[in-house]
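User: I am just starting out with protein structures and would like a close look at one part of this one. Could you walk me through it slowly?

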Amino acid sequence: MQLIYYVLVVFSIGCSAITIADDNTIRIGGGDKAGEYIQIANSICATLGSLFNCQALETGGSFDNIRLLESQDIEFGLAMVNVADDWLKDAANDKFTILRLIQGEAMLAFGKPDTIAAIGDWNGVRSNAANISVGLAGKFSGDASILNRLRGVPGSPLADLEIKVYPNRLALLEAVTKDEVKLGFIVQFPNPNNALFKAIDEAGLAIMGVVDPDIVIFEENFPVTAVTVKNAAWFGLSSRAQRIETALVPIAIIGIKPEKLSGRQALVQKAAVRRIWEVTEAELLPHNSWMQELTNSTTLTVG
């Protein structure tokens with residue numbers, strides 16, 4: 001009887017948190033309106049359903065979402081897993097947790113076709129690091145956090161790279177076309193409709209995958225797989241879509257722990273966390289063909 005009573009109490013608490021329309025607000029930090037994070041946040045809201053008042057917010061991305069979580073201006077946020085892991089190492093952040101990992105963004109480098117041909121692959125970047133300059137879109141961007149983490153591995157030849165920082169991705173692309181830097185480094189979903197990929201194509205640039213031998217130190221969280229980039233002209237190849245092997249950077253869904261909240265807010269958070277846990281990865285992601293193909297080709301472990 002005691003067990004039955006406990007189950008009924010838990011069920012009634014869960015139901016009370018989601019059946020009353022007032023104050024059922026859940027805010028999810030996404031990213032820039034032109035990026036994919038905001039699309040994923042919108043998809044998570046759709047998955048939570050109409051019993052929640054879910055708002056997907058445009059933000060500055062990983063680091064901005066962490067700031068908004070700290071100020072409790074959002075209940076959930078999306079961030080690159082390495083950014084989330086580093087943040088959660090601080091004991092002061094114990095009221096937050098990674099709920100789960102979802103489909104990763106691809107590590108890619110782009111440059112002029114003759115540059116890509118001369119380098120060959122990412123090992124070529126390592127072998128010629130002292131002669132290669134690499135551009136980043138933002139000093140505090142997720143892209144910068146990944147490359148700096150690779151460069152920070154003891155003994156990595158990537159420490160010899162010349163790094164230049166630009167205000168955004170399109171400024172970085174312009175720098176590559178003007179030979180200010182040899183390569184641009186990005187971590188981005190291989191969305192064929194993305195504005196940056198279209199601009200890379202129009203500029204006649206080529207793309208390479210990034211598989212660094214030192215990635216083994218992130219083996220659990222940075223799977224290496226093949227992704228399809230729809231326009232092979234980016235590789236200076238034929239007109240067919242091509243598969244490119246690269247490392248993926250999973251996205252962490254970070255949330256405030258329900259027990260760190262109080263009253264009704266805690267109940268609503270608990271119900272939302274449970275829903276995010278229960279659904280499949282495909283349900284959390286945008287239902288477009290390229291994203292679903294990426295999901296089908298890579299399965300990530302639930303955090």
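Which residues of strand 8 point one way, which point the other way, and are they buried or exposed?

Analyst: Happy to help! Before we start, please keep in mind that this is a predicted model, where local features need pLDDT of at least 70, side-chain atom pairs count only at pLDDT 80 or more, and totals for chains, interfaces and linings use all residues. Residues are numbered from 1 along each chain as its sequence is written, and side-chain values use heavy atoms, with hydrogens and water left out.

Now to your strand. Ala206 and Met208 point one way from strand 8, while Ile207 and Gly209 point the other way, and all are buried. Buried means under 20% relative accessible area, exposed means over 50%, and partly exposed lies in between, using a 1.4 Å probe and protein chains only. Strands here are DSSP runs of E with at least two residues, helices are runs of H or I with at least four residues, and both are numbered from the N terminus. There is a general pattern behind this: in a regular strand the side chains alternate between the two faces of the sheet.

Next, look at the partner of strand 8. Strand 4 (residues 96–111) and strand 8 (residues 206–209) run antiparallel and are joined by 4 bridges; two strands pair if DSSP finds at least two bridges between them. You can find one of these links at Leu108, whose bridge partner in strand 8 is Gly209. Strand 4 is also joined to strand 7 (residues 183–188), again antiparallel, by 5 bridges. Here Phe110 stands opposite Gly184 of strand 7. With 15 of its 16 residues buried, strand 4 is largely enclosed by the rest of the structure.

From strand 7 we can step to a helix. Thr115 sits in helix 5 (residues 113–119) and is buried, its relative accessible area being 14%. Apart from its neighbours within four places in sequence, Thr115 is in contact with Lys182 and Leu183, where contact means heavy atoms within 4.5 Å. Asp179 lies in the loop between helix 8 (169–177) and strand 7. Its phi is near 65°, a positive value in a residue other than glycine. That is worth a second look, because most residues other than glycine have a negative phi. Asp179 is partly exposed, at 47% relative accessibility. Gln72 also has a positive phi, of about 60°, although it is not a glycine. You will find Gln72 in the loop between helix 3 (62–70) and strand 3 (76–80), and with a relative accessible area of 29% it is partly exposed.

A loop residue can be buried too. Ala129 is in the loop between helix 6 (122–127) and strand 5 (133–137), yet its relative accessible area is 2%, so Ala129 counts as buried. Leaving aside neighbours within four places in sequence, Ala129 is in contact with Pro157, Leu158, Asp160 and Leu161. Take Leu161: from Ala129 it is 32 residues away in sequence, but their C-alpha atoms are 5.0 Å apart in space.

Let us finish with helix 2. The expected span of a helix is 1.5 Å times one less than its number of residues. The 12 residues of helix 2 (residues 37–48) should therefore span 16 Å, and the 17 Å between its end C-alpha atoms agrees with that. Helix 2 is mostly covered, with 9 of its 12 residues buried; among them are Tyr37, Ile38, Ile44 and Leu48. Just after the helix, Gly49 takes a positive phi of about 95°.

One buried residue of helix 2 is Cys45, with 10% relative accessibility. Cys45 forms a disulfide with Cys54, the sulfur atoms being 2.0 Å apart; a disulfide is a pair of cysteine sulfur atoms within 2.5 Å. Cys54 is buried as well, at 18% relative accessible area. The torsion about their S-S bond is about -65°, so this disulfide is left-handed.

Helix 2 also meets helix 10 (residues 263–278): their axes come within 10 Å and cross at roughly 105°. That makes the two helices roughly perpendicular, a label for angles of 65 to 115 degrees, whereas under 35 is roughly parallel, over 145 roughly antiparallel and the rest oblique. Ile44, Thr47 and Leu48 of helix 2 make this contact with Ala272, Arg275 and Ile276 of helix 10. The axes are lines fitted to C-alpha atoms, for helices over the stretch in contact, with angles running from 0 to 180 degrees between N-to-C directions.
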